[in-house]
Amino acid sequence: MSHFSYRDGVLHAESIPLSRVAEEFGTPTYVYSKAALLQNFAAYADACQGRDALVCYAMKANSNLAILDLLAREGAGFDIVSGGELLRVIAAGGDPDKVIFSGVGKTEAEMRLALEKGILCFNVESIPELHRLNEVAAGMGKRAPVSLRVNPNVDAKTHPYIATGLKANKFGVAFDDALATYRAAASLPNLDVVGIDCHIGSQLLDDAPLLEALDKLIELIDTLDAEGIHIHHLDIGGGVGVDYGAPGDKPPVPVGDYLGRLFARIDAWRAARHDGRAVKVIFEPGRSIVANTGVLVTKVEFLKPGAEKNFAIIDAAMNDMMRPTLYGAWMDMKPVVPREGEKAVYDVVGPVCESGDWLAKERELAVEPGDLLAMMSAGAYGMTMASNYNTRGRAAEIMVDGEQVHVIRQRENPADLFALESMLK
Ligand SMILES: Cc1ncc(COP(=O)(O)O)c(C=O)c1O
Ligand SMILES: N[C@@H](CCCC[NH3+])C(=O)O
């Protein structure tokens, strides 16, 4: 069941009309469904039932504290990429010992913070990073738990900007260098080699590339075992896509089906090994947990007919949602209260001073100034990628919980945006 549907001619989030949200809280506003969030997390948790597995939500997708808090209470761990994200997890009541730290450029200060808080694992992406981590840990009299992010050179068949597992990408250690890198890690006194990790890309509609990457990780674990380097956890990353409803797109693989196939392979491998050693499985899903839990509600300010194009100018902009202009991403735009009447083809654009400030192109819509539109499946990489470009305050965020509506982030007041700046004396 969709958590965003039309009732009595109005688009609702659960039982709440989005027109009411706009009236009470203004626009642009992100509106999330708590039930949708819990349902998406449950798809992972149910498939992991009874297994040694941990779902580390990739919080870069949406790091609102209320969302982190809900997921932490469901037992989620977190995949972080900065010290700031670790502080958010802690502020939201998450457990540092369920945190894995990804990213190619961890600073010494971030490493120190993560060691102090006692995270589960550092996903290390290069030899210089191994040395830096070893030194930081030594300085603190600690040992750092380490997993190497291996680049399996698998084509994720997604947009080039969000493919991460190819040789040409900055991420991870090349598959052919992995053994040597593991040997280097194992030789460093203040590191504990505990895991193996990969993440091949985002918005994958098919699980074949993920399973291909799994096979390569398994092969490497066996090679490492023979060297006396024992891997305790296997982290397959995130990447499962969602249905943005783009014309011609095929539906993404259901999470349960993918995890079922993945666990079947792991079980077959473990059974064939007869060594009785368990390997914990870690997932780092972001988009598939939050994308379809949220919409961005916006108001049409003006219609601007043109010789070549008609523009619908809305009060949301690229600073609120970067995905269309950054990736050419297609995101659905639905009228909150569909009106009768003739439709025209519009480019839906924001007020920011950039030609790239578009949210949707060539959409057939019957709209008038003052109408509300909802950008669908906007819960992932929406608010977290928002900026203050053009000194625009970022949108409010609302969580619908049954009959209740909670403000989970206040709209930013543009007058507060320069509080950290100062003038020359
Ligand atoms: C290291 C890492 N893990 C997890 C994710 C989450 O990916 P997704 O949102 O596609 O599940 C990303 C983003 O692509 C990532 O870079
Ligand atoms: N921000 C991207 C995904 C990047 C994932 C981070 N590695 C998107 O909106 O699709």
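Me: What makes two strands a pair here?
Reply: Two strands pair if DSSP finds at least two bridges between them. Strands themselves are DSSP runs of E, at least two residues long, and helices are runs of H or I of at least four, both numbered from the N terminus. This is a predicted model, where local features need pLDDT of at least 70, side-chain atom pairs count only at pLDDT 80 or more, and totals for chains, interfaces and linings use all residues. Residues are numbered from 1 along each chain as its sequence is written, while chains are lettered from A and ligands numbered from 1 in the order in which they are written.

Me: How do you know that strand 1 and strand 2 pair?
Reply: They share four bridges, in the antiparallel sense, and the cut-off is at least two, so they count as a pair. In strand 2, Val 10 is the bridge partner of Arg 7.

Me: What makes strand 1 and strand 3 edge strands?
Reply: The open sheet runs in the order 1-2-3, and strand 1 (4-7) and strand 3 (16-17) each pair on one side only.

Me: Why is Tyr 258 called buried?
Reply: A residue is buried if 20 or more other C-beta atoms (placed from the backbone) lie within 10 Å of its own, exposed if 12 or fewer, and partly exposed in between. Tyr 258 is listed as buried in helix 9, along with Val 255, Leu 259 and Leu 262.

Me: Why do those buried residues line one face of helix 9?
Reply: Down the axis, they fall within an arc of 90° (taken from the directions from the helix axis to the C-beta atoms), so they line one face. On the other side, exposed residues include Asp 257 and Gly 260.
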